[in-house]
Amino acid sequence: MAPTQGPRAPLEFGGPLGAAALLLLLPATMFHLLLAARSGPARLLGPPASLPGLEVLWSPRALLLWLAWLGLQAALYLLPARKVAEGQELKDKSRLRYPINGFQALVLTALLVGLGMSAGLPLGALPEMLLPLAFVATLTAFIFSLFLYMKAQVAPVSALAPGGNSGNPIYDFFLGRELNPRICFFDFKYFCELRPGLIGWVLINLALLMKEAELRGSPSLAMWLVNGFQLLYVGDALWHEAVLTTMDITHDGFGFMLAFGDMAWVPFTYSLQAQFLLHHPQPLGLPMASVICLINATGYYIFRGANSQKNTFRKNPSDPRVAGLETISTATGRKLLVSGWWGMVRHPNYLGDLIMALAWSLPCGVSHLLPYFYLLYFTALLVHREARDERQCLQKYGLAWQEYCRRVPYRIMPYIY
Ligand SMILES: NC(=O)C1=CN([C@@H]2O[C@H](COP(=O)(O)OP(=O)(O)OC[C@H]3O[C@@H](n4cnc5c(N)ncnc54)[C@H](OP(=O)(O)O)[C@@H]3O)[C@@H](O)[C@H]2O)C=CC1
Ligand SMILES: CC(C)CCC[C@@H](C)[C@H]1CC=C2C3=C(CC[C@@]21C)[C@@]1(C)CC[C@H](O)C(C)(C)[C@@H]1CC3
């Protein structure tokens, strides 16, 4: 009998029906986007021009490449780390330890790819393999989530996530049952959240840039901007490696949603703008490019400022950079910031992230809706995520959270939302 938890957590994502729909809808959306980006009309809405057969999707070469990629990233994860960080306190009062060597993995991957290219590795051939690669990544995510589901059967109750243990197999498979599944020091969720998908995303972007150079003599300004902005975002994530306090690590189980999200959704849909630009080149002048750079810089400034301010405060509230900020005390002994970035809106980091998302789409012009998919999806994701986080904070902090909401009435966008 599978272990379940005491009081049942409220069902999220529309319960078992919603989870079943998302199990099908997420991979279908990803393939639709991949096909639409390479099609002439590049329509976000409406059916793709043609559906690929299994002979297009299935490729043993893509499977080998994908497994080699996962193996390389796993090996880099296991290399000695410059630092080992401790996670949040768990139910059994213990804390897990995590290697901080994500940026090192990014640099070593870049060096290996650079060496490979100088030895004749045809990176420009990667765009042709995106469909079969996305297919094997999806298959891997399904099989891996099944393994995680089975592994949770034998996990102690204290290792289970607050959600994802409803007893409904589809819902639990989707949400994930175990909070931090690991084998020895190897933490599957932490590994997947930052390594194969995020680094894979920038590698796909680079391959699309190389392919554009092959086709048109040199990469376009729009392609440079998309590559640069997204490399900054991924480099920042791996430099700070500050995911140990995110909801994904501290609250959500590791199931299909995150396994598919990290391994397939991120590399193959987050690279949509670069995919679109390869097949639909867009003119971009220097004045417009400068405006777009300014928008990205503003978004990054808010995103980084807000995330760093909260992380510094959570690590050490007396740090001189945050000691002067106004706070509210809570019954748990932790405090909430009510000035600085966190006094502007209740999720300033989401605001910065959304502004960057806009800057990533603008180089693709305004003739098509498709490259704006990321902005639309991300707005929906963050609005939903913000509501989930608020529910959890209200539960954690009660009256103090209500006071925070009274003092800082807007959630993400000042005076709008
Ligand atoms: N590109 C992508 O696909 C995605 C990017 N992101 C990005 O990831 C980053 C992290 O997001 P996420 O994990 O959702 O959430 P946050 O980093 O915003 O963390 C929310 C937590 O912060 C703490 N907190 C909230 N308000 C305050 C306050 N006033 N003072 C101090 N602490 C506070 C609470 O936890 P506690 O009190 O327990 O510390 C709360 O649960 C964001 O920048 C987001 O944009 C997120 C999802 C997807
Ligand atoms: C497929 C579904 C619709 C949802 C899947 C969601 C996941 C793709 C995202 C959930 C939280 C994420 C984070 C990042 C990437 C996307 C996922 C995994 C993040 C690593 C991106 C880089 C940022 O700097 C970050 C703050 C480290 C992000 C943490 C959350």
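User: Is Tyr415 buried or exposed?

Analyst: This is a predicted model: local features need pLDDT (the predictor's confidence in each residue, from 0 to 100) of at least 70, side-chain atom pairs count only at pLDDT 80 or more, and totals for chains, interfaces and linings use all residues. Residues are numbered from 1 along each chain as its sequence is written, chains are lettered from A and ligands numbered from 1 in the order in which they are written, and side-chain values use heavy atoms, with hydrogens and water left out. Buried means under 20% relative accessible area, exposed over 50%, and partly exposed in between (1.4 Å probe, protein chains only). Tyr415 has a relative accessible area of 71%, so it is exposed.

User: What is phi of Tyr415 near?

Analyst: Most residues other than glycine have a negative phi. Tyr415 is found in the segment after α16; helices (H or I, at least four residues) and strands (E, at least two) are DSSP runs, numbered from the N terminus. Its phi is positive, although Tyr415 is a residue other than glycine. The value is near 65°.

User: Which residue in the loop between β1 and β2 has a positive phi although it is not a glycine?

Analyst: The loop between β1 and β2 holds a residue with a phi of about 70°. This residue is exposed, with a relative accessible area of 61%. It is Lys93.

User: What is the relative accessible area of Asp92?

Analyst: Asp92 is found in the loop between β1 (83-86) and β2 (97-100). Its C-alpha atom and that of Pro156, 64 residues apart along the chain, are separated by 11 Å. Asp92 is partly exposed, because its relative accessible area is 46%.

User: Which residue shares a side-chain polar contact with Asp92?

Analyst: A polar contact is a pair of N or O atoms within 3.5 Å; within protein, one must be able to donate a hydrogen and the other to accept it, and residues adjacent in sequence count only if both atoms are side-chain atoms. The contact of Asp92 has a length of 2.6 Å. The partner is Ser94.

User: How many of the 8 residues of helix α12 are buried?

Analyst: Helix α12 spans residues 272-279. The buried ones include Leu272, Phe276 and Leu278. The helix is largely enclosed by the rest of the structure, because the buried count is 7.

User: Which residue has its backbone oxygen 3.5 Å from a polar side-chain atom of His280?

Analyst: His280 lies in the loop between α12 and α13. It is buried, with a relative accessible area of 10%. Not counting residues up to four places away in sequence, its contacts (heavy atoms within 4.5 Å) are Ala37, Ser39, Gly40 and Ala42. The backbone oxygen belongs to Ala37.

User: Which element gives the most to the shell around ligand 1?

Analyst: The shell has 26 residues, each near the ligand (one of its heavy atoms within 4 Å). It divides into 15 nonpolar, 4 polar and 7 charged: Ala, Val, Leu, Ile, Met, Phe, Trp, Tyr, Cys and Pro count as nonpolar, Asp, Glu, Lys and Arg as charged, and the others, Gly among them, as polar. The element that gives the most, with 8 residues, is α15.

User: How much of the accessible area of ligand 1 does the protein cover?

Analyst: A polar side-chain atom of Tyr397 lies 2.3 Å from an oxygen atom of ligand 1. A backbone N or O atom of Leu337 lies 2.9 Å from a nitrogen atom of the ligand. On its own, ligand 1 has 920 Å² of accessible area (Shrake-Rupley method with a 1.4 Å probe; for residues, only the protein chains shown count as cover). The protein covers 89%.

User: Which element gives the largest share of the shell around ligand 2?

Analyst: Among the 13 residues around ligand 2, Glu193, Ala237, Asp248, Asp262 and Phe303 come nearest. The protein covers 88% of the 630 Å² of accessible area that this ligand has on its own. By class, the shell has 8 nonpolar, 1 polar and 4 charged residues. The largest share, 4 residues, comes from α11.

User: Over which residues does pLDDT stay under 50?

Analyst: The mean pLDDT of the chain is 93, and 98% of its residues reach 70 or more. For the complex, the predictor gives an ipTM of 0.97 and a pTM of 0.94. The stretch under 50 has 17 contacts beyond four places in sequence. It covers residues 1-6.
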